[in-house]
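Here is a friendly briefing to read alongside the sequence and the model. Keep the 3D view open and follow the topics one by one.

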Amino acid sequence: MNTPVTVKDRPVKAYVLHPDLKSGRTARRMPEHALAEAVSLAAALPNLEIAGSEIVRLPKVQPGMLFGSGKIAELKARFAAADVELVLVDGPVSPVQQRNLEKEWGVKLLDRTGLILEIFADRARTREGVLQVELAALSYQRTRLVRAWTHLERQRGGLGFVGGPGETQIEADRRAIDEEVVKIRRQLAKVVKTRELHRAARRKVPFPIVALVGYTNAGKSTLFNRMTGAEVLAKDMLFATLDPTMRGVELPSGKKVILSDTVGFISDLPTQLVAAFRATLEEVLEADLILHVRDIAHPETEEQAADVSDILESLGVDEDVPMFEVWNKIDLLAPPLREALEVQDARTPGIHAVSALTGEGLPALLEAINGTLDEPREETNIDLPFQAGKERAWLHREGVVQKETETSDGFRLLVRWSARQKAAFESL
């Protein structure tokens with residue numbers, strides 16, 4: 001992916017704008033908090049110096065320029081005075097708006113999707129993560145060839161032969177991008193197939209999977225490190241962890257589970273990334289228990305929780321999978337709030353107040369995980385006809401098959417399963 005926002009020998013001066021619309025994301029969020037999150041996103045990029053930030057009241061979106069002419073002139077003077085080279089707009093910006101604003105201000109411009117793609121491109125480490133980011137970036141760039149590909153400047157012509165070469169070039173570049181997308185999808189299919197083989201191997205040793213999900217910077221990686229003794233990068237930074245990490249954890253009863261740390265969610269996560277990272281989040285789809293980690297000290301913890309719930313729903317997470325809410329960072333709360341939280345924790349099943357930093361509340365959380373996953377199981381024989389391939393595959397995928405023999409009519413399987421798994425099978 002082409003990363004235009006960093007310069008090796010000096011920091012790039014950037015300015016962050018948050019358009020305050022009457023609808024959309026700001027209907028759920030206070031603009032001040034949304035701006036703070038956008039600044040944190042910008043700070044997550046290396047070699048970037050934040051020269052300033054502000055909320056821009058936007059009663060009406062201007063189709064060609066996004067902002068009104070007066071505001072554009074005011075911002076142009078501000079950018080020139082501060083030597084701003086990059087403007088980050090916390091929201092969607094159309095290709096036409098982006099081109100016009102870059103021309104008017106004489107700076108590079110990234111919208112929210114472009115910024116998140118830049119962060120992901122900088123952070124992805126595994127082969128799958130790199131490929132997924134490249135795929136998402138190409139899908140994004142395909143609609144913005146007028147900006148991203150400098151040799152296309154000549155397309156801005158009029159009629160006849162002046163416009164012809166540009167049109168030919170832009171179509172050639174679209175074809176080049178489409179070919180690269182096909183190539184990456186093939187590579188990604190191989191990587192995903194390898195991950196599926198690893199997943200199938202884990203099913204044969206049926207350790208339950210506990211998946212950590214949550215808003216970015218909620219403390220998932222710190223909790224993961226505390227529970228597993230691993231050393232996954234954990235910083236006070238948005239998207240500090242991108243690639244999924246899995247480690248074994250021994251519960252108080254001696255039972256072993258696999259703990260999975262996943263990429264953090266964020267409001268208005270670009271659709272390209274939701275689709276591209278679906279394979280990475282397959283661990284969540286197959287989890288036996290989900291721990292929704294919340295930054296309970298954040299002023300918009302409820303709004304963040306709602307965003308996480310929306311993304312889990314869009315991913316198709318089964319509502320029957322048990323989920324705990326882990327209210328993290330209680331060490332940052334004032335004593336009265338902590339006391340009230342502990343009372344609510346004790347009275348509300350499925351809620352656990354913890355501090356991943358100090359370890360407070362973790363023993364009770366581990367006991368609760370143990371109690372949930374230590375479901376009573378029963379053994380039974382199931383006879384399936386040859387044509388019941390879907391049901392047979394599901395049983396093997398769940399790792400409940402103890403023995404299988406072929407009969408004249410199909411297969412006889414000895415399964416050992418929980419009541420939840422039995423109910424899920426019967427609903428197929």
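The notes below go through charges, rings, backbone angles and a few buried positions. Please keep in mind that this is a predicted model. In brief, the count comes to 15 salt bridges and 6 aromatic pairs, and one negative patch to look at on the surface includes Glu313.

**Salt bridge between two helices**

- Let us begin with Arg112 and Glu37, whose side chains form a salt bridge with an N to O distance of 3.0 Å.
- Arg112 belongs to helix H4 (residues 112–123) and Glu37 to helix H1 (residues 31–43), so this pair ties together parts that are 75 residues apart in sequence.
- Are these two partners buried or exposed? Both Arg112 and Glu37 are buried.

**Salt bridge within helix H2, and its network**

- Arg78 and Glu74 also meet through their side chains in a salt bridge, at 2.6 Å from N to O.
- Both residues sit in helix H2 (residues 69–81), and because they are 4 residues apart there, about one helical turn separates them.
- Arg78 has a relative accessible area of 30%, which makes it partly exposed.
- Glu74 is likewise partly exposed, since its relative accessibility of 35% falls between the 20% and 50% cut-offs.
- Which residues are linked with this pair in a network of salt bridges? Glu54 and Lys71 join Glu74 and Arg78 in that network.

**A salt bridge with an exposed and a buried partner**

- Glu302 forms a salt bridge with Arg294, and their closest N and O atoms lie 3.1 Å apart.
- Glu302 is exposed, at a relative accessible area of 52%.
- Arg294, in contrast, counts as buried because its relative accessibility is 5%, under the cut-off of 20%.

**Negative surface patch**

- Glu313, Asp318, Glu319 and Asp320 together form a negative patch on the surface.
- Glu313 can be found in helix H11, which covers residues 301–315.
- Why does Glu313 count as exposed? Its relative accessibility is 63%, and exposed means over 50%.

**Aromatic rings**

- Among the 6 aromatic pairs is the one between Phe386 and Phe411, an edge-to-face arrangement with 5.4 Å centre to centre and 80 degrees between the planes.
- Phe386 lies in the loop between strand S11 (377–385) and helix H14 (389–398), while Phe411 is in strand S13 (residues 410–418), so the pair ties together parts that are 25 residues apart in sequence.
- Phe386 counts as partly exposed, with 41% relative accessibility.
- Its partner Phe411 counts as buried, with 14% relative accessibility.
- Elsewhere in the model, ring pairs link Tyr15, Phe67, Phe79 and Trp105 into a cluster.

**Positive phi angles**

- As background, most residues other than glycine have a negative phi.
- Asp83 has a positive phi, near 55 degrees, and is not a glycine.
- Where does Asp83 lie? Look in the loop between H2 and strand S3 (86–89).
- Asp83 is exposed, with a relative accessible area of 51%.
- Asn217, also not a glycine, has a positive phi of about 70 degrees.
- The loop between strand S5 (209–214) and helix H8 (220–228) is where Asn217 is found.
- Asn217 is partly exposed, its relative accessible area being 22%.

**Two buried alanines**

- Ala34 is placed in helix H1, and at 1% relative accessibility it counts as buried.
- How far apart are the C-alpha atoms of Ala34 and Ser267? They are separated by 9.6 Å, although the two residues are 233 residues apart along the chain.
- Ala137 has its place in helix H5, residues 127–142.
- With 3% relative accessibility, Ala137 counts as buried.
- Between the C-alpha atoms of Ala137 and Thr113 there are 9.4 Å, and these residues are 24 residues apart along the chain.

Definitions and conventions. Residues are numbered from 1 along each chain as its sequence is written. Side-chain values use heavy atoms; hydrogens and water are left out. Patches are made of residues with over 30% relative accessible area and no salt bridge: like charges are joined within 9 Å, nonpolar side chains (Val, Leu, Ile, Met, Phe, Trp, Tyr) within 5 Å. Accessible areas come from the Shrake-Rupley method with a 1.4 Å probe; for residues, only the protein chains shown count as cover. A salt bridge is a side-chain nitrogen of Lys or Arg within 4 Å of a carboxyl oxygen of Asp or Glu. Lys and Arg count as positive and Asp and Glu as negative; His and the chain ends are not counted. The place of a charge is taken as NZ of Lys, CZ of Arg, CG of Asp or CD of Glu. Buried means under 20% relative accessible area, exposed over 50%, partly exposed in between (1.4 Å probe, protein chains only). Rings of Phe, Tyr and Trp (its six-membered ring) pair if their centres lie within 6.5 Å; planes under 30 degrees apart count as stacked, over 60 as edge-to-face and the rest as tilted.
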